[in-house]
Amino acid sequence: MKMMPAGLSGRAYAAVRTKECLDRVFKELTDLVYPRRCPICDRVLNRDEQKKLICLECENKPVYIHSPYCFKCGKQLSDPSEEYCTDCKKRNHSFVRGVALYDYSSVRMSVYRFKYSGRAEYAEFYGREISATFTGLFRKWEIEAIVPVPMYSGKERMRGYNQAEKLAKSIGHEIGIPVYSDLVKRRKNTKPMKMLGVGERAANLKNAFIMASNDVKFNKVLLVDDIFTTGATIDAVADALMDAGVSYVYYVTLSIGTGC
Ligand SMILES: [Zn+2]
Ligand SMILES: [Zn+2]
């Protein structure tokens, strides 16, 4: 039983205890109505699993990108003597370099639910994993600001949230770097990228991003998105940021494919 702290009247102490009680009941009710789910299999987590934010059976299921990976785009490489993937050897990018957490094929359904099925809560687990893996690198890159890849406002209203923003905020919270969600805006509803080839993707995105300010004071910015495919989207946002005065654009994505 708790002791009554010195300096509190009986009535004040009772009020504090009542508030503690109500907070606990509120949290338990919230967990009951919106039970926390495993980001990989979507099963409701039990009490022990809730601290880890993932269920015991799924802990080893996501495949992490590991060394060697492309020094430019972060894609998994199989040959340790290679520095860049075949795509980055052929093509120039506007960004300096980027990294990705997972091999996309191992988290495909999870990413799908995160984007399209209202599972914004997964961002907490993902952000924690990204910061546990890459905080040292982000510090080395001297990142000053985190910017999510923006979503067209009409689409965001329909979906209810921008998953890249949820992820960016979770990473920012974990590593203590500010997140600027309104710095870049997406001004047109571009065609779905998966239907387009590499050249068409770049044309589709030309002038799609505009800046809220044309005099950005940050030198080094980290872009955040859920998936890296050809890099056309990251390049287009990087171009907009650099036109507004940013010198170096890096990125982190939740997932990346093995080829493109
Ligand atoms: Zn699971
Ligand atoms: Zn590459």
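**Exercise 1. Find the residue that stands opposite Phe228 in strand 6, then describe the pairing of strand 5 and strand 6.**

Step 1. Phe228 stands opposite Ile256. This is a predicted model: local features need pLDDT of at least 70, side-chain atom pairs count only at pLDDT 80 or more, and totals for chains, interfaces and linings use all residues. Residues are numbered from 1 along each chain as its sequence is written, with chains lettered from A and ligands numbered from 1 in the order in which they are written.

Step 2. Fix the terms. Helices (H or I, at least four residues) and strands (E, at least two) are DSSP runs, numbered from the N terminus. Two strands pair if DSSP finds at least two bridges between them.

Step 3. Strand 5 and strand 6 run parallel, with eight bridges linking them.

Step 4. Check the burial of strand 6. A residue is buried if 20 or more other C-beta atoms lie within 10 Å of its own, exposed if 12 or fewer, and partly exposed in between, with C-beta atoms placed from the backbone. Eight of the nine residues of strand 6 are buried, so the strand is mostly covered.

**Exercise 2. Work out the strand order of the open sheet and describe its edges.**

Step 1. Four strands form the open sheet, in the order 1-6-5-2, and their pairing is parallel.

Step 2. Strand 1 (97-103) and strand 2 (145-148) are the edge strands, each pairing on one side only.

Step 3. On average, neighbouring strands of this sheet are turned by 20 degrees against each other, direction ignored. Axes are lines fitted to C-alpha atoms, for helices over the stretch in contact, and angles run from 0 to 180 degrees between N-to-C directions.

Step 4. Take strand 1 with strand 6 (residues 248-256). Six bridges join them in the parallel sense. Arg97 has Tyr250 as its bridge partner in strand 6. Val99 has Val252.

Step 5. Is strand 1 largely enclosed or open? Five of its seven residues are buried, so the rest of the structure largely encloses strand 1.

**Exercise 3. Place helix 7 (residues 163-175) against the sheet and test its length.**

Step 1. Helix 7 lies across strand 2, strand 5 and strand 6. It runs at about 130 degrees to strand 5.

Step 2. Compute the expected span as 1.5 Å times one less than the number of residues. For the 13 residues of helix 7 this gives 18 Å, and the end C-alpha atoms are 19 Å apart, which agrees.

Step 3. List buried residues. Among those of helix 7 are Leu167, Ala168, Ile171 and Gly172. Charged residues are not excluded: Glu165 and Lys166 are buried too. Here Asp, Glu, Lys and Arg count as charged, Ala, Val, Leu, Ile, Met, Phe, Trp, Tyr, Cys and Pro as nonpolar, and the others, Gly among them, as polar.

Step 4. Identify the cover. It includes helix 4, helix 5 (122-140), strand 2, strand 5 and strand 6.

Step 5. Look past the end of helix 7. Gly176 follows, with a positive phi near 75 degrees.

**Exercise 4. Describe how helix 8 (residues 198-205) meets helix 9 (residues 232-243).**

Step 1. Two packed helices are described by the angle between their axes and the distance between the axes.

Step 2. The axes of helix 8 and helix 9 come within 9 Å and cross at roughly 35 degrees.

Step 3. Name the contacts, where two residues touch if their C-beta atoms, placed from the backbone, lie within 7 Å. Arg201, Ala202 and Leu205 of helix 8 meet Ala232, Thr233 and Ala236 of helix 9.

Step 4. Sort these residues: four are nonpolar, one is polar and one is charged.

**Exercise 5. Locate the unusual backbone geometry in the loops.**

Step 1. Recall the norm. Most residues other than glycine have a negative phi, and most peptide bonds are trans.

Step 2. Asp42 has a positive phi, near 70 degrees. It sits in the loop between helix 1 and helix 2. Asp42 is partly exposed, because 15 other C-beta atoms lie within 10 Å.

Step 3. Glu142 also has a positive phi, near 55 degrees. Its loop joins helix 5 and strand 2. With 10 other C-beta atoms within 10 Å, Glu142 is exposed.

Step 4. The bond from Ser67 to Pro68 is cis, with omega near 0 degrees. Pro68 belongs to the loop between helix 2 (47-50) and helix 3 (86-90).
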